[in-house]
Amino acid sequence: MLVVVLALLAALSNAAASVLQRRAAADEPEGGVGARQAVRWLGKVLRRPSWVAGAGMLALSTVLQAAALGVGSLALVQPLMATELLFTLVVGSVVFHRRPDRRTWLAFVALAAGLAVFLISVAPTAGRSTASAGRWFMTAGAVLGAVVALVVTARAVRGAPRAGLLGLASAVSFSLTAALLKEVTGRIPDGPGAVLGTWPLYATAAAGGVAFLLLQGAFRAGTLAASQPALTLGDALTGVALGWALFGEQVTLGVRVVPAVLGVALMGAGTVGLARAPSVSGSWDAVSRGPGADASRPVP
């Protein structure tokens with residue numbers, strides 16, 4: 001019961017962090033395009049109280065998730081973290097005083113349920129604590145290539161598609177950060193020199209910085225309904241792939257292939273539904289809006 005409570009609180013904290021940082025982004029006008037304008041915009045956003053509060057919630061989420069993993073298995077904690085999608089809509093409704101439309105709710109439920117079912121089905125076995133340099137070279141190259149491709153594609157579009165692509169790029173980067181952190185912790189038994197004198201620690205900081213910048217770009221580009229599903233699903237699914245590619249975490253489905261396929265189908269249905277939801281391209285999580293801006297309803 002304790003691990004369930006900790007995991008759900010971690011998911012709630014993570015959702016609150018996203019909502020509060022999106023609130024800060026929505027409060028600050030974009031101020032034009034280009035790297036200089038983006039840096040200036042980010043500097044203003046980081047000083048907003050809602051962004052600082054979101055950063056605090058993100059730190060709390062990290063502590064709660066670590067505590068949950070300390071008393072429970074990854075196979076139990078990760079599916080529970082999928083509830084972050086639903087918490088995002090609940091917290092967002094309170095913060096922005098608007099409810100997302102019904103289609104968005106149904107899409108988020110399908111995505112969360114599908115992700116949870118898939119993760120329970122594939123539940124990887126424990127692998128190695130560290131990976132070889134060759135595995136890191138090939139895997140990191142593929143991940144970085146995917147991130148660059150997503151960012152380049154995002155630059156060619158605007159609004160919800162850009163927010164979704166940047167959210168996915170951020171998710172892949174966060175997964176790489178987590179994998180690098182696992183490599184660092186796996187080297188701790190070899191002494192301080194194996195940690196401080198080798199590349200994984202510094203690569204972790206660099207990957208985390210990139211993930212952070214991409215996440216703020218996603219919040220700037222569009223609504224949470226566009227970026228949060230890509231962020232949550234991308235992080236979880238990329239994490240499973242990196243665990244297999246780097247640390248030899250095996251996925252043995254057998255009879256569980258049926259619920260795994262069901263999970264993928266639910267995620268597909270949720271994605272299609274979300275693409276047609278008014279909240280994705282609307283302004284349910286904007287601070288000010290005129291009548292009829294979207295299909296969202298005011299919260300009493």
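The following questions and answers introduce selected features of this predicted model.

Q: How many salt bridges does a search of the whole structure find?
A: A salt bridge requires a side-chain nitrogen of Lys or Arg within 4 Å of a carboxyl oxygen of Asp or Glu. The side chains of R187 and E183 satisfy this at 3.0 Å, N to O. For the whole structure, the number found by the search is one.

Q: What separates R187 and E183 along helix α8?
A: Both residues lie in helix α8, which covers residues 160-187. An α-helix has 3.6 residues a turn, so residues three or four places apart point the same way. R187 and E183 are four residues apart, and their separation is therefore about one helical turn.

Q: Is E183 buried or exposed?
A: A residue is called buried when its relative accessible area is under 20%. The relative accessibility of E183 is 1%. E183 therefore counts as buried.

Q: What is the relative accessible area of R187?
A: R187 is found in helix α8, and its side chain forms a salt bridge with that of E183. The residue falls in the buried class, for which the limit is under 20%. For R187 the relative accessible area is 18%.

Q: How far apart in space are R187 and T198, C-alpha to C-alpha?
A: In sequence, R187 and T198 are eleven residues apart. R187 belongs to helix α8. In space, the C-alpha to C-alpha distance between R187 and T198 is 9.6 Å.

Q: Which residue is 15 residues from T185 in sequence and 9.8 Å from it in space?
A: T185 has its place in helix α8 and is partly exposed, with a relative accessible area of 42%. The residue paired with T185 is one of those buried in α10. At 9.8 Å from T185, C-alpha to C-alpha, this residue is P200.

Q: What is the reach of helix α10 from its first C-alpha to its last?
A: Helix α10 spans residues 200-221 and has 22 residues. At 1.5 Å a residue, the expected value is 32 Å, and the reach of the helix is close to it. From first to last C-alpha, helix α10 reaches 31 Å.

Q: Which residue is 120 residues from F108 in sequence and 9.6 Å from it in space?
A: F108 is found in helix α6, residues 102-122. With a relative accessible area of 0%, F108 is buried. The residue 9.6 Å from F108, C-alpha to C-alpha, is Q228.

Q: Which residue has a positive phi of about 60° although it is not a glycine?
A: The residue is found in the loop between α5 (84-96) and β1 (98-99). Its relative accessible area is 55%, so it counts as exposed. The residue with this phi is H97.

Q: What is the approximate area of the nonpolar surface patch that includes L9?
A: L9 is placed in helix α1, residues 2-27. Membership of a patch requires over 30% relative accessible area, and L9 is partly exposed at 39%. Together, M1, V5, L9 and L12 make a nonpolar surface patch of about 380 Å².

Q: Which residues gather in a patch of positive charge on the surface?
A: One of the members is R40, which is found in helix α2, residues 35-45. Lys and Arg count as positive. The residues gathered in the patch are R36, R40, K44 and R47.

Terms used
Residues numbered from 1 in each chain as written. Predicted model: local features only at pLDDT ≥ 70, side-chain atom pairs only at ≥ 80, totals over all residues. Heavy atoms only, no water. Patch = residues over 30% accessible without salt bridge, like charges linked within 9 Å, V, L, I, M, F, W, Y side chains within 5 Å. Areas by Shrake-Rupley, 256 points an atom, 1.4 Å probe, with all protein chains shown as cover. Charge placed at Lys NZ, Arg CZ, Asp CG, Glu CD. Helix = DSSP H or I, 4+ residues; strand = E, 2+ residues; numbered from the N terminus. Buried < 20%, exposed > 50% of the residue type's maximum accessible area, 1.4 Å probe, protein only. Expected span 1.5 Å × (residues − 1).
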